[in-house]
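Grab a pencil and get ready to find your way around a structure. Try each task on your own before you read the solution.

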Amino acid sequence: RWGYGKEDGPSVWYKNYPVAEGSRQSPIDIVPNEASRDRSLDPIIINYDQCTSINISNNGHSVVVEFNDSDDRSVIKGGPLDNPYRLKQFHFHWGGKGCEGSEHTVSGTGFASELHLVHWNAVKYKTFGEASTAPDGLAVLGIFLETGDDHRWLHMITDVLYMVKYKGFNPKCLLPSRLHYWTYLGSLTTPPLHESVIWIVLKEPIEVSEKQLGMFRMLLFTGEEDDQRLRMENNFRPPQPLKGRIVRE
Ligand SMILES: NS(=O)(=O)c1cccc(NC(=O)NCCCCO)c1
Ligand SMILES: [Zn+2]
């Protein structure tokens, strides 16, 4: 249906998903000195201590680690959020060898990859599906990955990328040391592109090695039954028009 290739990629998503040309699409290019300082913005509070990962999978677009979201044991709150938002899954977007791969860019500069920790507003909505179509339904924490030294914990993901069942990973260890952030109202960056996301993009990237990133590129867009093997890479949408939105910090 949709993908990241020439025929099915971001430039043609509007044909099946007209909201692609909506007024709050993501990602965006973040221009730091155009962000507006909002003194009412509190720090974000991240409670992942009781989180239980239930599985890791390749959904044909990325590698996704899903969590048990049947209660409020792992939530993000504070910052621009009026309620606690429950951790549902995290996944990554990345490029090809040595080129950019993040979805958000900072003053036109992309990073090697971007981690998205996806949360939903279980106070106001009954299910993730319902929340995913509501303007304040989701909160996604975006973390840039830049190449450098091995990340001490990312190996737990890259080492098990070929396995399905997977337990006991606390995504808190993927967070950078400082939680300074930019926030703006946006959308899912993949179809169905719902304009339902309060984006919180951390300013400080985490460092991963080229070898670790290379493990992601070992994944395939294609299934084992497909005749051609398409390496999963460049699974990122380019920045979308701001259309008058304000980025706060
Ligand atoms: N990339 S993102 O904006 O963080 C994001 C977060 C949560 C869901 C999605 N996209 C989807 O679930 N799309 C549905 C189809 C993907 C799996 O087939 C994207
Ligand atoms: Zn994403």
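Below are four exercises, each with a worked solution.

This is a predicted model, where local features need pLDDT of at least 70 and side-chain atom pairs count only at pLDDT 80 or more, while totals for chains, interfaces and linings use all residues. Residues are numbered from 1 along each chain as its sequence is written, chains are lettered from A and ligands numbered from 1 in the order in which they are written, and side-chain values use heavy atoms, with hydrogens and water left out.

**Exercise 1.** Find which residues come nearest to ligand 1, and look for polar side-chain atoms beside the ligand.

Step 1: "Near" here asks for a heavy atom within 4 Å. Around ligand 1 there are 14 residues, and His-91, His-116, Thr-189, Thr-190 and Pro-191 come nearest.

Step 2: Now check for polar contacts (N or O pairs within 3.5 Å). Thr-189 has a polar side-chain atom 2.8 Å from a nitrogen of ligand 1. For His-91, the distance to a ligand nitrogen is 3.2 Å, and for His-116 a polar side-chain atom lies 3.3 Å from a ligand oxygen.

**Exercise 2.** Describe the shell around ligand 1 by class and by strand.

Step 1: Sort by class, with Ala, Val, Leu, Ile, Met, Phe, Trp, Tyr, Cys and Pro as nonpolar, Asp, Glu, Lys and Arg as charged, and the others, Gly among them, as polar. You get 6 nonpolar, 8 polar and no charged residues.

Step 2: Turn to the strands (DSSP runs of E, at least two residues; helices are H or I runs of at least four). Both β6 (85-94) and β8 (113-120) supply at least two shell residues, and β6 gives the most, with 3.

**Exercise 3.** What kind of aromatic pair do Trp-2 and Trp-13 form?

Step 1: Rings of Phe, Tyr and Trp (its six-membered ring) pair if their centres lie within 6.5 Å; planes under 30 degrees apart are stacked, over 60 edge-to-face, and the rest tilted. The whole structure has 9 such pairs.

Step 2: With 5.4 Å between centres and 85° between planes, Trp-2 and Trp-13 are edge-to-face. Trp-2 sits in the segment before α1 (13-16) and Trp-13 in helix α1, 11 residues apart.

**Exercise 4.** Hunt for unusual backbone angles.

Step 1: Most residues other than glycine have a negative phi, and most peptide bonds are trans.

Step 2: Ser-26 and Pro-27 are joined by a cis bond, omega about 0°. Pro-27 is in the loop between α1 and β1 (29-30).

Step 3: The bond from Pro-191 to Pro-192 is cis too, with omega near 10°. In the loop between β10 and β11, Leu-193 has a positive phi near 60°.

Note on methods
Polar contact = N/O pair within 3.5 Å; in protein donor to acceptor, adjacent residues only side chain to side chain.
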